[in-house]
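Here's a quick walk through some strands, helices and odd backbone spots of one protein model. Have the viewer open and follow along.

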Amino acid sequence: MSKKKYYMTTAIAYTSGKPHIGNTYEIVLADSIARFRRAQGYDVFFQTGTDEHGQKIELKAADAGVTPKEYVDGVAGEIHRIWDLMNTSYDKFIRTTDADHEAQVQKIFRKLYDQGDIYKGSYEGMYCTPCESFWTESQLVDGKCPDCGRPVKPAKEEAYFFKMSKYADRLIDHINTHPEFIQPVSRKNEMMNNFLLPGLQDLCVSRTSFKWGIPVDFDDKHVVYVWLDALTNYITGIGYDADGESSEQFNRLWPADLHLIGKDIIRFHTIYWPIFLMALDLPLPKQVFGHPWLLQGGEKMSKSKGNVLYADDLVDVFGVDAVRFFVLHEMPFENDGVITWELMTERVNSELANTLGNLVNRTISMSNKYFGGVVTKTGVTEPVDEDLKATVLSVPANVVKKMDDLRVADAITEIFTLFKRCNKYIDETMPWALAKDESKKDRLSEVLYNLVESITIGASLLESFMPETSGRILTQLGAKKRALDEMDTFGLCESGMRVTEKPEILFARLDMKEVLAKAEKIRAAQMAEFEAENARAAANAAAASAQADGAAAAGSAQEIQVTLKDEITYEDFGKLQFAVGEILACEEVKKSRKLLCSQVKIGNQVRQILSGIKGAYSPEEMVGKKVMVLLNLKPAKMAGLVSEGMLICAEDPDGNLALMTPEKDMPSGSEIC
């Protein structure tokens with residue numbers, strides 16, 4: 001009898017940079033589900049990969065001074081490395097630059113055009129480059145992108161559009177008749193009330209303002225819009241063919257049983273993607289689950305804030321399974337989770353070192369001390385045994401129920417309920433006291449057998465979430481992994497089995513001060529790298545600007561007319577104090593359309609300086625720059641904030657601004673004279 005198939009996917013990771021732990025959480029979450037479905041007997045196909053086209057990639061590559069393909073090759077390799085580092089068991093890693101994917105996207109685009117679902121027009125609106133999305137003025141939030149909160153700019157271009165409204169009523173009906181389709185329910189309500197019920201606008205599905213994308217094969221001025229390209233990976237990766245020659249694998253696996261994605265892209269997966277599938281006359285995925293975000297100390301991770309956590313850094317300090325445990329166990333079902341170095345250290349010490357590690361160590365040590373490592377079932381029972389067995393035997397069914405509902409954190413909590421009950425059982429039976437009475441030897445043997453049996457079941461359940469730790473526990477116990485369908489019986493461990501002679505420490509207790517010292521070194525290294533990236537990008541931008549300026553100067557005889565102000569003496573100039581400052585942090589001033597507020601380090605002091613340069617620089621671009629500062633300008637209050645100096649800029653006749661920066665790298669506080 002063939003196994004029932006289970007096809008699941010993650011969102012494909014965007015190759016704009018190295019994924020942080022919040023991005024990595026998704027692949028670990030998906031892996032735990034895939035492993036558990038395999039344990040349930042499903043034939044699982046688990047696909048992940050990378051999304052590699054778009055204007056943002058083109059710009060990132062230009063900043064790095066490489067071709068877009070070279071850039072995405074590097075980032076995709078890094079993503080692949082981290083997915084493997086986290087011991088994830090995916091079956092396929094797809095890249096949207098794969099030749100077979102690109103060929104199918106072109107065929108899909110043509111098919112939808114030929115059948116009238118895509119038409120040619122033009123688009124005018126507010127464009128967000130990071131999200132690669134157009135917005136109307138009414139859709140903006142405080143004048144910014146409603147998805148990411150970043151600035152937008154007016155844009156107009158010829159484009160192809162998809163007729164979304166043609167399928168909207170059919171999608172609304174599907175969502176209403178398939179309550180399991182969008183999970184959690186709060187995501188469903190958001191999609192219905194904010195997007196579908198108010199009415200769908202036609203969707204821009206091609207671009208002409210950049211080249212890094214899949215060309216529309218019948219109109220090569222256009223490249224396919226990133227979402228049509230990216231979303232179709234779920235079918236192209238398993239052999240879909242738009243000409244009707246799809247593979248056996250596709251016919252077997254589609255529709256997907258689960259798309260696991262972040263809550264920020266739920267709209268694309270529950271509105272755009274289902275409508276594309278309807279147009280292709282394909283079944284819709286059975287479920288789309290939009291998981292919450294993992295926040296660093298309660299806020300989104302940002303390089304400019306220096307609060308980004310990466311999986312490999314965390315693994316270096318805590319180990320792979322400790323990181324897996326934390327991100328899976330600490331993430332709520334619907335609300336955002338929080339990760340910090342302090343929280344991770346606390347959980348490792350309390351849950352992994354104490355509850356789990358100490359339990360395994362004590363059980364093996366007592367088995368060796370009292371019986372030479374041999375675990376024997378004697379049948380000398382007491383009422384307390386029945387309570388232990390009842391708890392242990394209830395846990396597998398509870399875990400299955402939680403996993404069927406994708407409540408992974410709750411499933412892990414159930415398993416640790418088993419381990420905590422075992423620790424309580426040790427306190428109740430007091431093996432050390434039994435060992436002092438020769439007549440209690442058989443009872444002591446039964447107690448230790450019950451512990452080994454219970455831990456075997458718990459460790460077997462743990463395999464989906466902490467695979468390496470599960471294997472290490474079972475090896476030390478000398479036990480075999482227990483199948484799910486065997487967990488309704490207590491006592492399957494073989495009497496006379498032998499535990500390891502010397503137990504290894506599963507998780508050592510960590511010193512908080514030592515961990516935080518390591519964290520500070522990691523943060524400092526990240527900030528240095530961030531500043532170096534900004535410097536490289538600025539250098540490349542400056543070179544490009546200089547080249548453009550040279551071309552403009554060569555093609556124009558116009559020169560800037562300089563108007564002189566009143567002459568000053570050297571003494572007048574000597575009253576002004578200029579120095580090199582380093583921008584440590586920068587943010588927009590909410591009450592102003594022009595002002596940025598920078599925290600500027602000048603030698604041994606930090607000053608707050610407001611500058612009317614919001615139109616020329618984003619806060620992220622400012623951080624790490626070395627700038628020219630007028631120090632002894634009288635403090636002034638602007639938009640409710642005090643400014644303690646001035647950043648010196650150049651301005652051309654068109655109002656374009658450029659910060660004055662030292663030609664060579666100079667330490668902050670250096671005098672400008």
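Helices (H or I, at least four residues) and strands (E, at least two) are DSSP runs here, numbered from the N terminus. This is a predicted model, in which local features need pLDDT of at least 70 and side-chain atom pairs count only at pLDDT 80 or more, while totals for chains, interfaces and linings use all residues. Residues are numbered from 1 along each chain as its sequence is written, and side-chain values use heavy atoms, with hydrogens and water left out.

**A nonpolar patch and the strand after it**

Let's start with L576, which sits in the loop between α20 (570-574) and β18 (578-588). L576 is partly exposed, at 40% relative accessible area; buried means under 20%, exposed over 50%, and partly exposed in between (1.4 Å probe, protein chains only). Together with I568 and F573, L576 makes a nonpolar surface patch of about 280 Å². For patches, the residues need over 30% relative accessible area and no salt bridge; like charges are joined within 9 Å, and nonpolar side chains (Val, Leu, Ile, Met, Phe, Trp, Tyr) within 5 Å. A salt bridge, in turn, is a side-chain nitrogen of Lys or Arg within 4 Å of a carboxyl oxygen of Asp or Glu. The areas come from the Shrake-Rupley method with a 1.4 Å probe, and for residues only the protein chains shown count as cover.

Next comes β18, which is mostly covered: eight of its 11 residues are buried. Two strands pair if DSSP finds at least two bridges between them, and the table lists pairings of β18.

| Partner of β18 | Bridges and sense | One bridge pair |
|---|---|---|
| β19 (residues 596-602) | six bridges, antiparallel | E587 with C597 |
| β21 (residues 626-630) | five bridges, antiparallel | F578 with L630 |
| β27 (residues 671-672) | two bridges, antiparallel | F578 with I672 |

F578 turns up in two of those rows, with L630 as its bridge partner in β21 and I672 in β27.

**An enclosed strand**

How many of the five residues of β12 (residues 258-262) are buried? Five of the five, so the strand is largely enclosed by the rest of the structure. In a regular strand the side chains alternate between the two faces of the sheet. In β12, L258, L260 and G262 point one way and H259 and I261 the other, and all are buried. As for neighbours, β1 (residues 5-10) runs parallel to β12 with three bridges, T9 being partnered with H259. β13 (residues 288-291) is also parallel to β12, this time with four bridges, and L260 has F289 as its bridge partner there.

**An open sheet**

Elsewhere, four strands form an open sheet in the order β6-β5-β7-β9, with antiparallel pairing. β6 (133-135) and β9 (203-204) stand at the edges with a single partner strand each, so one side of each is left without a neighbour in the sheet. β7 (residues 153-162) is joined to β9 by two bridges, and F161 has C204 as its bridge partner in β9.

**Helices and the residues after them**

Helix α11 (residues 311-318) has seven of its eight residues buried, among them D312, D313 and F318. G319 follows α11 with a positive phi, near 100 degrees.

Helix α15 (residues 408-429) has 22 residues and reaches 32 Å from first C-alpha to last, close to the 32 Å expected at 1.5 Å a residue; that expected span is 1.5 Å times one less than the number of residues. Just after α15 comes M430, with a positive phi of about 45 degrees. M430 lies in the loop between α15 and α16 (431-434) and is partly exposed at 38% relative accessible area.

**More backbone oddities**

Most residues other than glycine have a negative phi, and most peptide bonds are trans. N87 is not a glycine, yet its phi is positive at about 60 degrees. N87 lies in the loop between α3 (68-85) and β4 (92-95) and counts as partly exposed at 31% relative accessibility.

Cis peptide bonds are worth a look too. One joins Q183 and P184, with omega about -10 degrees, and P184 is in the loop between β8 (182-183) and α6 (185-196). Another joins W254 and P255, with omega about 10 degrees; P255 lies in the loop between α9 (248-253) and β12.
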